[in-house]
Amino acid sequence: MNKTIRLIYPQWQGGNIASWIPKIPAEDSSRGYYLGAMLLDFLAPETEMRTFTVPVSTEYNERKVTDGIIDKEFIIKQTKAALDILDIADADRIVTLGGECSVSVPVFTWLNKKHADDVAVVWFDQHPDVTLPTDEYTGYHAMALTACMGMGDKDIIGLLPSKIPSKNVCLAGIRDYEFPYIEERVKELGLARFTDKEVSEDSTQLLNWIKSTGKNKVLVHFDMDVLDPTDIVAAVADTTAGVLKLREVVRIINEIANEFNLVSLTVAEPMPRIAIRLKKMLADLPLLK
């Protein structure tokens, strides 16, 4: 268990978020997750572990919805590229720096197969990410968890190495189901769920749930929109959402790592609003091109 890789996965196409960030041009805000992933890599501690970067297109033309998923063709191509990298790297542990939430899908399903279904998933998120292509929102990042469980678009699901049973998945920090049918789907799937209040001060319930799965390894997905926007407002897309403080999430993930074998950590959906505007400013100045 000594083979760990860092995977830079700046996929942005799964988000359909331009309307959430009206002060930034749609082309720049839509690709904000790309810049966010690159900044996470820049800011992360120096490491001797092998680092791989998934090739992600920055092309921004007409964003086409196909089979209920925006930019589906890019997502398929980039999912294949990520899986090719994982097959070559053959890692035991993976740190993923994204990118929107769907960057966890190839990683988690690959590791679930690698470790013979001996994994439990803890999904830190403000939203459940259990929509389907037949639902009204077309962003694949909101379908990420259902995809991990083998539900969704047949072309994408057919690429994935495994399906993670819903009984081995829990939601942490969940606060907004967005629509009643999404809350009903969470119940139908039987997903364990812990609100921000249930984990902010004491992780016992969450840790006990992991123990109850009987699984030896844990995959953690950390969507930054689970955070209180007043704590880190310049770095999240949804500034009306989360409640957890950054120190609280860091504490919980460390407690998981201390008690269990943490084999994957994804940090997803950084939206560096200030950096996006600075990048745009620099592009508009003379003599810099």
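**Salt bridges, cysteines and a helix pair**

Across the whole structure, a search finds 17 salt bridges. The model is a predicted one, and a few of these charged pairs make a friendly place to start reading it.

One of the salt bridges joins the side chains of Lys-3 and Asp-90, with a nitrogen-to-oxygen distance of 3.4 Å. Lys-3 sits in the segment before strand 1 (4-9), while Asp-90 belongs to the loop between helix 3 (72-89) and strand 5 (93-98), so this pair ties together parts of the chain that lie 87 residues apart in sequence. Lys-3 counts as partly exposed, at 32% relative accessibility, and Asp-90 is likewise partly exposed, with a relative accessible area of 31%.

The loop that holds Asp-90 also holds Asp-92. The side chain of Asp-92 meets that of Lys-114 in a salt bridge, at 3.7 Å from N to O. Because Lys-114 lies in helix 4 (residues 104-114) and Asp-92 in the loop between helix 3 and strand 5, the pair links parts that are 22 residues apart in sequence. The two partners can be described by their accessibility: Asp-92 is buried, with a relative accessible area of 10%, whereas Lys-114 is partly exposed at 30%.

Another salt bridge connects Glu-248 with Arg-247, and here the closest N and O atoms are 3.9 Å apart. Glu-248 is buried, with a relative accessible area of 7%, but Arg-247 counts as exposed at 58%. Salt bridges can also share partners, and in this way Asp-67, Lys-72, Asp-153, Lys-154 and Asp-155 are joined into one network.

Glu-248 and Arg-247 fall within the residue range of helix 11 (residues 246-259), which packs against helix 9 (residues 204-213). The axes of the two helices are 11 Å apart, and the angle between them is about 35°. Their crossing is right-handed. On the helix 9 side, the residues in contact are Leu-206, Leu-207, Ile-210 and Lys-211, and on the helix 11 side they are Ile-252, Glu-255, Ile-256 and Glu-259. Sorted by class, this contact contains 5 nonpolar and 3 charged residues, with no polar ones.

What does a search for disulfides turn up? Over the whole structure, the count is 0. Cys-101 takes part in no disulfide, and the nearest cysteine sulfur to its own, that of Cys-148, is 10 Å away. A disulfide requires two cysteine sulfur atoms within 2.5 Å. Why does Cys-170 form no bond with the closest cysteine? The closest cysteine sulfur, in Cys-148, is 13 Å from the sulfur of Cys-170, and that is too far for a bond. As for their surroundings, Cys-101 is buried at 1% relative accessibility, and Cys-170 is buried with a relative accessible area of 0%.

A final stop is Lys-187, which is placed in helix 7 (residues 180-189). Is this lysine buried or partly exposed? At 44% relative accessibility, Lys-187 counts as partly exposed. Its C-alpha atom is separated by 23 Å from that of Ser-200, a residue 13 positions apart from Lys-187 along the chain.

Technical notes:
Residues are numbered from 1 along each chain as its sequence is written. This is a predicted model: local features need pLDDT of at least 70, side-chain atom pairs count only at pLDDT 80 or more; totals for chains, interfaces and linings use all residues. Side-chain values use heavy atoms; hydrogens and water are left out. Buried means under 20% relative accessible area, exposed over 50%, partly exposed in between (1.4 Å probe, protein chains only). Axes are lines fitted to C-alpha atoms, for helices over the stretch in contact, and angles run from 0 to 180 degrees between N-to-C directions. Helices (H or I, at least four residues) and strands (E, at least two) are DSSP runs, numbered from the N terminus. A crossing is left-handed if the near helix is turned anticlockwise from the far one by less than a right angle, and right-handed if clockwise. Contact means heavy atoms within 4.5 Å. Ala, Val, Leu, Ile, Met, Phe, Trp, Tyr, Cys and Pro count as nonpolar, Asp, Glu, Lys and Arg as charged, and the others, Gly among them, as polar. A salt bridge is a side-chain nitrogen of Lys or Arg within 4 Å of a carboxyl oxygen of Asp or Glu.
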